[in-house]
Amino acid sequence: ALRELASSPLEPEQQLMLAGLWADAGEPDTALALCAEAKADPELVSEADLVEGYAHAAKGDHAARTTAWLRVRAAVLATPPPPWRMSADEVDSIARDALSELPESARDKLAQVPIFLDDVPSEQMVRDGQDPRSLGLFDGTPMPERGTLDESAAPTAIHLFLLNLEQQCDDADDFAEQVRITVLHETAHFFGLDEEDVDQLGLA
């Protein structure tokens, strides 16, 4: 079906959509070719760079993946802020309210886990393979895997990437809800849940 679609005249947005599907289907070279064509639309360049990164990763070319994803990171940083942008204190309050939804026993276990408010993943995170458009990140060892001996040697933190969150939202209310979901999503990873588990909880 993908080959039949690829033989038809396509708009840049359709080319980019197909590029992502080809990358998922294990055909990174086809995905890269479609990304190059999609870049005829200047508004799709950053999205095409993101898909290119995944295609390069599928080929094992991590240097090319990093180059593409650092371009995505730079584009996000250059995006003008929305008129409804919240202050760090407001975001911190939303995050704390999200944690208050958890049972007391869970909150006690999270007491020493800081939540960092970052604009985007750091350059080093991207070089290590973190998607530059990630909304959040649990950084550390999940609680079920932590032993008393290595606990202090493996710092644990939750990161929220505010510019990426903003780009996913239409207004302040939407943003607040996405921050809440992302905090609970990354908290679930702290407790050892994988992405499938998190999806089933409605926290994707």
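In the predicted model, Phe175 counts as buried, at 2% relative accessibility. Its partner in a tilted aromatic pair is Trp84, with 5.7 Å from centre to centre and 45 degrees between the planes. Trp84 is likewise buried, with a relative accessible area of 17%, a value that falls below the 20% limit under which a residue is called buried. Because Trp84 lies in the loop between α5 (62-77) and α6 whereas Phe175 belongs to helix α10, the pair ties together parts that are 91 residues apart in sequence.

This pair is one of four aromatic pairs in the structure. Another is formed by Phe190 and Phe191, whose arrangement is edge-to-face, with 4.9 Å from centre to centre and 75 degrees between the planes. Phe190 counts as buried at 1% relative accessibility, whereas Phe191, with a relative accessible area of 23%, is partly exposed. Through ring pairs, Phe190 and Phe191 are linked with Phe138 into a cluster.

Helix α6, which follows the loop that carries Trp84, comprises 12 residues (88-99) and reaches 17 Å from its first C-alpha to its last, close to the 16 Å expected at 1.5 Å a residue. The buried residues of this helix are Val91, Ile94, Ala95 and Ala98; they cover an arc of only 100 degrees around the axis, and therefore lie on the same side of α6. Asp89 and Arg96, by contrast, are exposed on the other side of the helix. The buried residues of α6 pack against two strands, β1 (115-118) and β3 (157-161), and against two helices, α9 (162-167) and α10 (172-190). Helix α10 thus appears in both settings, as the element that contains Phe175 and as one of those against which the buried residues of α6 pack.

At the level of the whole chain, the protein has 11 helices and three strands, and from the N terminus on the elements run α-α-α-α-α-α-α-β-α-β-β-α-α-α. Of the 204 residues in the protein chain, 41% are buried. Among contacts with a separation of 6 or more, 61% are accounted for by residues 24 or more positions apart, and the pairing of Trp84 with Phe175 offers an example of parts distant in sequence that are tied together. The protein chain exposes about 11,200 Å², of which carbon and sulfur atoms supply 50%.

Notes: Residues numbered from 1 in each chain as written. Predicted model: local features only at pLDDT ≥ 70, side-chain atom pairs only at ≥ 80, totals over all residues. Heavy atoms only, no water. Helix = DSSP H or I, 4+ residues; strand = E, 2+ residues; numbered from the N terminus. Buried < 20%, exposed > 50% of the residue type's maximum accessible area, 1.4 Å probe, protein only. Contact = heavy atoms within 4.5 Å. Areas by Shrake-Rupley, 256 points an atom, 1.4 Å probe, with all protein chains shown as cover. Expected span 1.5 Å × (residues − 1). Arc of directions from axis to C-beta. Phe/Tyr/Trp six-rings, centres within 6.5 Å; stacked < 30°, edge-to-face > 60°.
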